Amino acid sequence: MSNSMPNSMDITPPLPPSTPLYLVHFVHRHLDFRMCEFDSSIHLSSLRPSDVYKRSTFSMIRPFLICTFPSDSLALEVVGRCVLVKGVGRLLGTGKNEKECRDNAVEEGGRIVKMEKDKSWKFNFTTFGWKHSKSEQMSIINQFIPLVDFGGPVRMKGADVVYEITMEYPVTIEGEPVKPRHDHNGREIKENMELGPMMCYFTRFIGMGGRGMGEKYKLTKRKYLGPTSMDNEISMVMCLAGLVGKTSYVCDPFVGTGSILFTATVMGAQTIGMDIDTRVLLGAGKEGDVFTNFSLFNLPRPDVVRMD
């Protein structure tokens, strides 16, 4: 096996063979804000973006970014704050097709990936910009199984170790396949069937991004909303871009229904808000008031002042 991973997104200058590489998988939404959020989270972990990835390797319409972190735990810490990141995996191999990816797989300390005794395992298969049949997925997975020295039983739910094979195909900025497999009638487009992926990645799953936090606090789970209540993901990106944390003090001079202060409080900040409109602060009838959502999630209430 080769000690390098040929890749259209190579990190330069060349890294030592012992440097761990990771694959960060972004969601395909709020494309303009993904790197702002990611860079801010890197700073909060006392790292520099230039030490984690090369800016030229990032493309707005591609959801994958190869990075380097000192450890799995630090990689998970960084992506765990990001609502625009699906997850991160330890990069074991990459190539322009499954054969090249397999042949250039990087090991975790040996000629094959060695698992601890009795550790359960499973393989996941992910495609971006294309659709593979179940039989095609299994055929590709079977090419990678010889790379792993399995230590325990396969377990489809709750496995100790999860290996992932990800196939990336080109998409438009809207996330639609550039060369779809099927037409609008569900029939295969023959001239597209011979096209291969842009890149194939082989990873060991490390953990999820901050999507769970976005789901937990999304607007539909709050009781007090208004016509200007900010989208939950955007408020989280804004607070992270402002490096909001437990030592922060956040002031919103146009607090409204408190969307920004709510997110800042979730991130541990002390908060204060102002607004001239007492109707939005005090609410009306059964809808609640600016403090309702804080009480609903057992969060500290902000200081709120009526002023112009």
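For this tour, Ala, Val, Leu, Ile, Met, Phe, Trp, Tyr, Cys and Pro count as nonpolar, Asp, Glu, Lys and Arg as charged, and the others, Gly among them, as polar. Keep in mind that you're looking at a predicted model.

**Stop 1: the cavity**

Start by selecting Arg222, Tyr224, Leu225, Ser229, Thr257, Gly258, Ser259, Phe262, Asn293 and Phe294, which line the largest cavity. How much space lies in there? About 40 Å³. The structure holds one cavity of 30 Å³ or more. Now sort that lining by class, and you get four nonpolar, five polar and one charged residues. To see which elements give two or more residues to the lining, show helix 9 (259-266) and helix 11 (292-296).

**Stop 2: helix 9 against helix 8**

Keep helix 9 on screen and add helix 8, residues 232-241. These two pack at an angle of about 60°, with their axes 9 Å apart, so helix 8 and helix 9 are oblique to each other. Their crossing is right-handed. To light up the contact, pick Asn232, Ser235, Met236, Met238 and Cys239 on helix 8, then Ser259, Ile260, Thr263 and Ala264 on helix 9. Which classes turn up here? Five residues are nonpolar, four are polar and none is charged. If Ser259 looks familiar, that's because you've met it already: Ser259 belongs to the cavity lining and also to this helix contact.

**Stop 3: helix 8 against helix 1**

Leave helix 8 showing, hide helix 9 and bring in helix 1, residues 34-44. The angle between helix 1 and helix 8 is about 45°, and their axes lie 8 Å apart. That makes this pair oblique as well, because angles under 35 degrees count as roughly parallel and 65 to 115 as roughly perpendicular. Helix 1 passes helix 8 in a left-handed crossing. Select Cys36, Glu37, Ser40, Ser41 and Leu44 on the helix 1 side, with Val237, Leu240 and Ala241 on the helix 8 side. By class, this contact has five nonpolar, two polar and one charged residues.

**Stop 4: helix 1 against helix 3**

Stay with helix 1, but swap helix 8 for helix 3, residues 72-80. Here the packing angle is about 130°, with the axes 8 Å apart. Helix 1 and helix 3 are therefore oblique to each other. This time the crossing is right-handed. Where do they meet? Phe38, Ser41 and Ile42 in helix 1 touch Glu77, Val78 and Val79 in helix 3. Four of the contact residues are nonpolar, one is polar and one is charged. Pause on Ser41: this residue takes part in the contact with helix 3 and in the one with helix 8.

**Stop 5: a pocket among strands**

Clear the helices and select His25, Lys86, Gly87, Glu164 and Phe205. What do they surround? They are the residues nearest the centre of the second largest pocket, which is lined by 13 residues. About 230 Å³ of space lies in this pocket. Next, show strand 1 (21-26), strand 3 (85-95), strand 7 (161-168) and strand 8 (199-208), the elements that give two or more residues to the lining. Which strand gives the most? Strand 3 does, with four residues. Colour the pocket lining by class to finish, and you'll find five nonpolar, six polar and two charged residues.

How values were computed. Residues numbered from 1 in each chain as written. Predicted model: local features only at pLDDT ≥ 70, side-chain atom pairs only at ≥ 80, totals over all residues. Heavy atoms only, no water. Axes fitted to C-alpha atoms, helices over the stretch in contact; angles between N-to-C directions. Left-handed = near helix turned anticlockwise from the far one by under 90°. Contact = heavy atoms within 4.5 Å. 1 Å grid on protein atoms, 1.4 Å probe; cavity = no way out; pocket = protein on both sides within 12 Å on 5 of 7 lines; lining within 4 Å. Points joined across faces, edges and corners; volume = space filled by probe spheres on them. Parallel < 35°, antiparallel > 145°, perpendicular 65-115°, else oblique.
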